Amino acid sequence: MVRYRVRGGNALRGTAFIQGAKNAVLPMIGAALLAPKGRTVLRNVPIIEDVRRAVELAEAIGAYVELHESERTLVIDASRVNSPVLPAEIARRFRGSVLFTPALLHRLGEAVVEGVGGCNLGSRNLDFHYLGYKRLGAIVDEGETVIHVKASGLTGATLYLDTPSHTGTENLIMAAALARGTTVIENAALEPEVLDVIDMLTKMGARISGGGTGFITVEGVEELHAVEHTVMPDRLDAGVFAMAAALTGGEVSLVGTGLDLGVVRYKLEQMGVEFHRQGAVLHVRCDGPLRPINIITDTYPGFATDLQSPMMTVAALAEGTSYIHERIFDGRFALAGELNKMGANVEVDGSRAVVRGRTPLRGAEVTAHDLRSGIALVLAGLAAEGETLIDSGYLIDRGHAHLAARMRALGADITREISER
Ligand SMILES: CC(=O)N[C@H]1[C@@H](OP(=O)(O)OP(=O)(O)OC[C@H]2O[C@@H](n3ccc(=O)[nH]c3=O)[C@H](O)[C@@H]2O)O[C@H](CO)[C@@H](O)[C@@H]1O
Ligand SMILES: C=C(OP(=O)(O)O)C(=O)O
């Protein structure tokens with residue numbers, strides 16, 4: 001068991017190195033498996049548990065993978081992919097496992113999905129993925145626990161997503177990339193990570209247009225080839241470090257190429273946090289009291305649901321009442337109870353939360369219910385009086401690389417411990 005121990009009170013100061021994006025690297029590993037020969041090289045890979053699981057899963061289906069941790073580089077040779085089974089014991093540990101299906105369909109004509117994991121956030125349906133595969137000509141047999149998808153070649157079609165699913169869009173683009181003819185995906189996701197995946201697929205030889213417009217057209221090609229690609233920076237990791245600077249009254253320079261925090265920056269600015277860009281470096285500082293805020297989560301370019309929990313912690317430290325409306329997931333407020341144990345005053349009513357600040361936070365033993373509630377509790381610990389112990393640290397490690405070391409470099413008192421239980 002991994003847990004984090006945080007002693008609050010230190011203002012964070014210095015330079016934070018932002019990792020590569022979890023939600024871009026996972027579909028890119030799935031994309032690398034589409035190339036039947038050669039070696040794909042991915043750079044700026046975050047060394048997180050989800051990447052380790054993706055490596056294990058790729059190896060389980062026959063790929064050869066090298067993870068060079070200190071170089072943050074992955075080398076993937078998918079020429080020997082030979083098993084269509086995504087085994088439950090690996091696939092159920094992360095959401096990104098769902099992104100292996102298109103490669104298996106194209107390379108082996110079938111995929112056996114024994115389970116898909118990911119954060120526990122309420123309903124997390126996959127119907128758009130499977131309905132999309134069916135429209136492209138696949139046969140989908142949805143058993144109680146195992147899903148079997150078969151296809152002897154896919155054919156382009158017009159697909160419509162009821163909501164712009166992030167991994168759904170990525171999967172259907174990958175499925176369409178090697179299908180016969182043209183596929184149109186309407187109401188496609190606009191997230192920057194999706195665009196980065198489209199960039200990589202385009203380098204591989206895919207013909208994709210309309211990325212970022214919501215209407216994506218894919219002209220199927222015969223084959224895709226192995227390429228080198230650098231993963232974009234993780235805007236969620238960057239947002240967390242900006243918030244850590246803000247709620248400790250510190251000053252941090254965020255280093256990560258082309259970083260754009262979008263609406264998160266504007267919301268933090270409304271709260272009194274100052275941002276200043278100097279070329280590729282974004283400086284964040286806060287030395288006054290934080291003002292309350294209203295946020296409504298939405299798909300890009302709206303406020304990212306993955307930063308809703310960390311923002312709840314910031315709101316608990318603001319002078320006044322903040323309002324949060326969660327519109328993407330129906331079970332993403334598990335943090336509230338844990339924050340309240342630390343002295344916060346958060347009231348949840350369905351998809352809305354009211355955060356009454358500022359209440360002094362005090363250290364406590366708290367539970368991370370998912371990745372983002374985990375990192376939100378680390379943030380709370382940084383601002384709390386005394387010591388905070390956060391279990392299970394594995395969930396935090398799913399998405400943040402070398403978190404304790406990176407925060408200690410900024411002056412935080414935080415350790416990552418392996419406990420017996
Ligand atoms: C690995 C990865 O990239 N994970 C991200 C991805 O998850 P993920 O791709 O799973 O999230 P989606 O965008 O698919 O899901 C958003 C919402 O749409 C619903 N839905 C989705 C697909 C579907 O077939 N049917 C359906 O009803 C879900 O139940 C959920 O309520 O986007 C989420 C929303 O930005 C982020 O929180 C996750 O960090
Ligand atoms: C919900 C998240 O991840 P996943 O989709 O991988 O569970 C997240 O990153 O906050």
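A polar contact here is a pair of N or O atoms within 3.5 Å. With that cut-off in hand, the ligands of this predicted model can be taken one at a time.

Ligand 1 comes first. One of its oxygen atoms is 3.1 Å from an N or O atom in the side chain of Arg 95, which falls inside the 3.5 Å limit. The side chain of Asn 23 does much the same job of pairing, with an N or O atom 3.0 Å from an oxygen atom of ligand 1. Ser 165 joins in as well: one of its polar side-chain atoms lies 2.6 Å from an oxygen atom of the ligand. Taken alone, ligand 1 exposes 730 Å², and the protein buries 88% of that.

Stepping back from single contacts, the shell around ligand 1 holds 19 residues, and the closest are Asp 127, Phe 128, Ser 165, Thr 167 and Asp 306. By type, this shell splits into 4 nonpolar, 9 polar and 6 charged residues. Three helices each supply at least two residues of it, namely H1 (22-32), H5 (127-135) and H6 (166-177). Of the contributors, H5 gives the most, with 3 residues. As for where ligand 1 ends up, it sits in the largest pocket.

Ligand 2 also has its place in the largest pocket. Its surroundings are made up of Lys 22, Asp 50, Arg 95, Gly 118, Cys 119, Leu 121, Arg 124, Asp 306, Arg 332, Leu 371, Arg 372 and Arg 398. Sorted by type, the shell around ligand 2 comes to 3 nonpolar, 1 polar and 8 charged residues. Several of the charged side chains can be picked out by their distances. A polar side-chain atom of Lys 22 lies 2.7 Å from an oxygen atom of ligand 2, and for Arg 398 the corresponding figure is 2.8 Å. Asp 306 has a side-chain N or O atom 3.2 Å from an oxygen atom of the ligand. On its own, ligand 2 has 290 Å² of accessible area, and the protein covers 93% of it.

Some of these residues turn up in database annotation too. An unreviewed UniProt entry lists Lys 22 and Asn 23 under "binding site", and the lining of the largest pocket includes both Lys 22 and Asn 23. Lys 22 belongs to helix H1. The "binding site" label in the unreviewed UniProt entry also covers Arg 95, Asp 306 and Ile 328; again, Arg 95, Asp 306 and Ile 328 are part of the lining of the largest pocket. Arg 95 is not in a helix itself but in the loop between helix H3 (88-91) and helix H4 (101-108). This is the residue whose side chain has an N or O atom 3.1 Å from an oxygen atom of ligand 1, and Arg 95 is listed around ligand 2 as well.

Finally, a few backbone details deserve a look. The peptide bond from Gly 357 to Arg 358 is cis, with omega near -10 degrees, and Arg 358 lies in the loop between strand S21 (352-356) and strand S22 (365-367). Another cis peptide bond runs from Asp 391 to Ser 392, with omega near -15 degrees. Ser 392 sits in the loop that links strand S23 (387-391) to helix H13 (393-397). Then there is Asn 44, which has a positive phi of about 60 degrees although it is not a glycine. Asn 44 is also a loop residue, placed between strand S3 (39-43) and helix H2 (49-60).

Conventions:
Residues numbered from 1 in each chain as written. Chains lettered and ligands numbered in written order. Predicted model: local features only at pLDDT ≥ 70, side-chain atom pairs only at ≥ 80, totals over all residues. Heavy atoms only, no water. Near = heavy atom within 4 Å. Polar contact = N/O pair within 3.5 Å; in protein donor to acceptor, adjacent residues only side chain to side chain. Areas by Shrake-Rupley, 256 points an atom, 1.4 Å probe, with all protein chains shown as cover. 1 Å grid on protein atoms, 1.4 Å probe; cavity = no way out; pocket = protein on both sides within 12 Å on 5 of 7 lines; lining within 4 Å. Sits in = over half its atoms within 2 Å of the grid points. Helix = DSSP H or I, 4+ residues; strand = E, 2+ residues; numbered from the N terminus. Nonpolar A, V, L, I, M, F, W, Y, C, P; charged D, E, K, R; others polar. UniProt positions renumbered as here; feature names shortened; annotations may be inferred.
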